[in-house]
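Dear colleague,

I am handing over the structure below, and I would be glad if you kept it open while you read the notes that follow.

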Amino acid sequence: MQYNIYLFGAPGAGKGTQAQLLSEKLGIPQLSTGDMLRAARKEGSELGNRVASLMDSGQLVPDEIVIELVKQRLARPDHQSGVILDGFPRTIKQAEALDTMFSATGRSPLRVISIDVPFDEIRRRLSGRRWCSRCNRTFHVTDNPPRPGNGCEGGCQLEVRSDDTPEAVEKRLQAYSQQTAPLMEYYQRRGVLKTVHGLGPITEIFASLQASLAA
Ligand code: AMP
């Protein structure tokens, strides 16, 4: 069975963490446009340089850029048995482009799961978030500190992501409310949206996510 799953939610809702767990569990790749853009920046590519200031200030990068990245990634052989989308689509235009890609390639319909977390909790999470750019793992100073067995215990340097500053976080929440939240209705109308509560231990949220996929 081909699983195509889109984890929807505000920045800091836990999409990346849950997508990683789901990817390991189902054996299908996680496709994170945020990760792809950060990788482009790390390489110092022309694309990376073009998007750097938009990302750091908490704004979305242009639709055309992310749509092209996703199109190329979805065409790869290792993405044919399904995919877990994390952070894409984030605008109606991106969602429409994804629909076109899916129907052109005969993929199974997208299943959308929204991870619901109040903005105050998002602010608390993002202010304590730490990132290892080498292992691409995300931690939290109190909720999910790095420790043996969950990666990065090998002496990685943890950083505050450049877009986790308080100013950038407010901009990202604004971008989410204005440009991304309307996608809820878009997917609700198609009858493919389910919601899980995103508060509590990571393992419990993961259990709810799996239950909602099985339902
Ligand atoms: P994320 O890691 O998903 O929070 O993404 C980090 C940043 O990358 C966002 O704040 C945007 O600047 C950019 N980005 C990631 N995905 C998208 C997308 N689908 N559309 C536009 N910008 C994106």
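Two strands are said to pair if DSSP finds at least two bridges between them. With that in mind, this predicted model holds an open sheet of five strands in the order β2-β3-β1-β4-β7, with parallel pairing. Its edge strands, β2 (30-32) and β7 (193-197), each pair on one side only, and from one strand to the next the twist averages 25°.

To see one pairing in detail, please look at β1 (residues 3-8) and β4 (residues 111-116), which run parallel and are joined by four bridges; here Ile-5 stands opposite Arg-111 in β4. Helix α1 (residues 15-26) packs on the sheet, where it touches β1, β2, β3 (82-86) and β4, and its direction makes about 165° with that of β1. Helix α2, in turn, lies across β2 and β3 and runs at about 60° to β2.

The same helix α2 (residues 33-43) leads us to the ligand, since four residues, the largest share of the shell around the ligand, come from it. The shell divides into six nonpolar, five polar and five charged residues, and of these 16 residues Thr-33, Arg-38, Gln-59, Gly-87 and Gln-94 come nearest. A polar side-chain atom of Thr-33 lies 2.8 Å from a nitrogen atom of the ligand, while an N or O atom in the side chain of Gln-94 is 2.9 Å from a ligand nitrogen atom. Gln-59 takes part through its backbone, with an N or O atom 2.6 Å from an oxygen atom of the ligand. Taken alone, the ligand exposes 480 Å², of which the protein buries 96%.

With kind regards

Note on methods: Residues numbered from 1 in each chain as written. Predicted model: local features only at pLDDT ≥ 70, side-chain atom pairs only at ≥ 80, totals over all residues. Heavy atoms only, no water. Near = heavy atom within 4 Å. Polar contact = N/O pair within 3.5 Å; in protein donor to acceptor, adjacent residues only side chain to side chain. Areas by Shrake-Rupley, 256 points an atom, 1.4 Å probe, with all protein chains shown as cover. Helix = DSSP H or I, 4+ residues; strand = E, 2+ residues; numbered from the N terminus. Nonpolar A, V, L, I, M, F, W, Y, C, P; charged D, E, K, R; others polar. Axes fitted to C-alpha atoms, helices over the stretch in contact; angles between N-to-C directions. Contact = heavy atoms within 4.5 Å.
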